[in-house]
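Welcome, and please open your viewer. We will go from stop to stop, with something to select at each one.

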Amino acid sequence: DNALLVDTDVSNVDPTWLTTKGDEFYQRGDIGSAINAYSEALNADGRMVETLLARAACYLDLREAERCHTDCMAALKQSDSIETRFETDEA
C-alpha cells in the first residue's frame, strides 16, 4: 500500500516529488510502492533517466530481468537523445 500517496491525485504531482517518494519507498524496502511512484513520475515525464534507472533497480531486485532490461534500454535511448541534442546545440 502506498501510504504516502493515499488520497493524493498524482496526475497533478511534480514528477520529481514522485521520484523522491519512490526513493523513500525503495530505501524502506517497499519495492512495489517504489515502482508505482517511479511509474507515475515517468507517466508525467518519460524523459527522467534517473527515474528509469531507479525503477530498473527495483525490477532487478524483484528478478524481473525483462522489465529491468526495458527500462535500462529506455534510459540509454534517453541519454543518447540528450547527448545528441547537446552536441547539436553546441555546433
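**First stop: a pair of cysteines**

Select Cys-68 and Cys-72 and look at their sulfur atoms. The sulfur of Cys-68 has its closest cysteine sulfur in Cys-72, 4.1 Å away, which is too far for a bond. A disulfide would need the two sulfur atoms within 2.5 Å. Cys-72 is accordingly in no disulfide, with the sulfur of Cys-68 as its nearest cysteine sulfur. Widen the search to the whole structure and the number of disulfides found is zero.

Now turn on the surface. Cys-68 counts as buried, at 12% relative accessibility, while Cys-72 is partly exposed, with a relative accessible area of 27%. Keep in mind as you look around that this is a predicted model.

**Second stop: the whole chain**

Zoom out and colour by secondary structure. You will find four helices and zero strands, and reading along the sequence gives the pattern α-α-α-α. The protein chain has 91 residues, of which 36% count as buried. If you display contacts with a separation of 6 or more, 38% of them in the protein chain join residues 24 or more positions apart.

**Third stop: α1 against α2**

Select residues 15-27 for helix α1 and residues 31-44 for helix α2. How do we describe such a pair? Two packed helices are described by the angle between their axes and the distance between the axes. Here the axes come within 8 Å and cross at roughly 165 degrees. That angle makes α1 roughly antiparallel to α2, and their crossing is left-handed.

Next, show the side chains where the two helices meet. On the α1 side, pick out Pro-15, Leu-18, Thr-19, Lys-21, Gly-22, Asp-23, Phe-25 and Tyr-26. Facing them from α2 are Ile-31, Ser-33, Ala-34, Ala-37, Tyr-38, Glu-40, Ala-41 and Ala-44. Colour the residues of this contact by type and they divide into ten nonpolar, three polar and three charged.

**Fourth stop: α1 against α3**

Keep α1 selected and add α3, residues 49-61. The axes of α1 and α3 come within 11 Å and cross at roughly 25 degrees. With that angle, α1 is roughly parallel to α3, and α1 passes α3 in a left-handed crossing.

Which residues make the contact? From α1 come Thr-19, Asp-23 and Tyr-26, and from α3 come Thr-51, Ala-54, Ala-57, Cys-58 and Asp-61. Sorted by type, the residues of the contact of α1 with α3 are four nonpolar, two polar and two charged.

**Fifth stop: Thr-51**

Stay in helix α3 and centre the view on Thr-51. Is Thr-51 buried or exposed? Thr-51 is buried, with a relative accessible area of 1%. Leaving aside residues up to four places away in sequence, Thr-51 touches Thr-19, Tyr-38, Ala-41 and Leu-42.

**Last stop: Arg-63**

Finally, move along to the loop between α3 (49-61) and α4 (65-90), where you will find Arg-63. Turn the surface on again: Arg-63 counts as exposed, at 78% relative accessibility.

Then check the backbone. Most residues other than glycine have a negative phi. Arg-63 is not a glycine, yet Arg-63 has a positive phi of about 60 degrees.

Definitions and conventions. Residues numbered from 1 in each chain as written. Predicted model: local features only at pLDDT ≥ 70, side-chain atom pairs only at ≥ 80, totals over all residues. Heavy atoms only, no water. Buried < 20%, exposed > 50% of the residue type's maximum accessible area, 1.4 Å probe, protein only. Axes fitted to C-alpha atoms, helices over the stretch in contact; angles between N-to-C directions. Parallel < 35°, antiparallel > 145°, perpendicular 65-115°, else oblique. Left-handed = near helix turned anticlockwise from the far one by under 90°. Contact = heavy atoms within 4.5 Å. Nonpolar A, V, L, I, M, F, W, Y, C, P; charged D, E, K, R; others polar.
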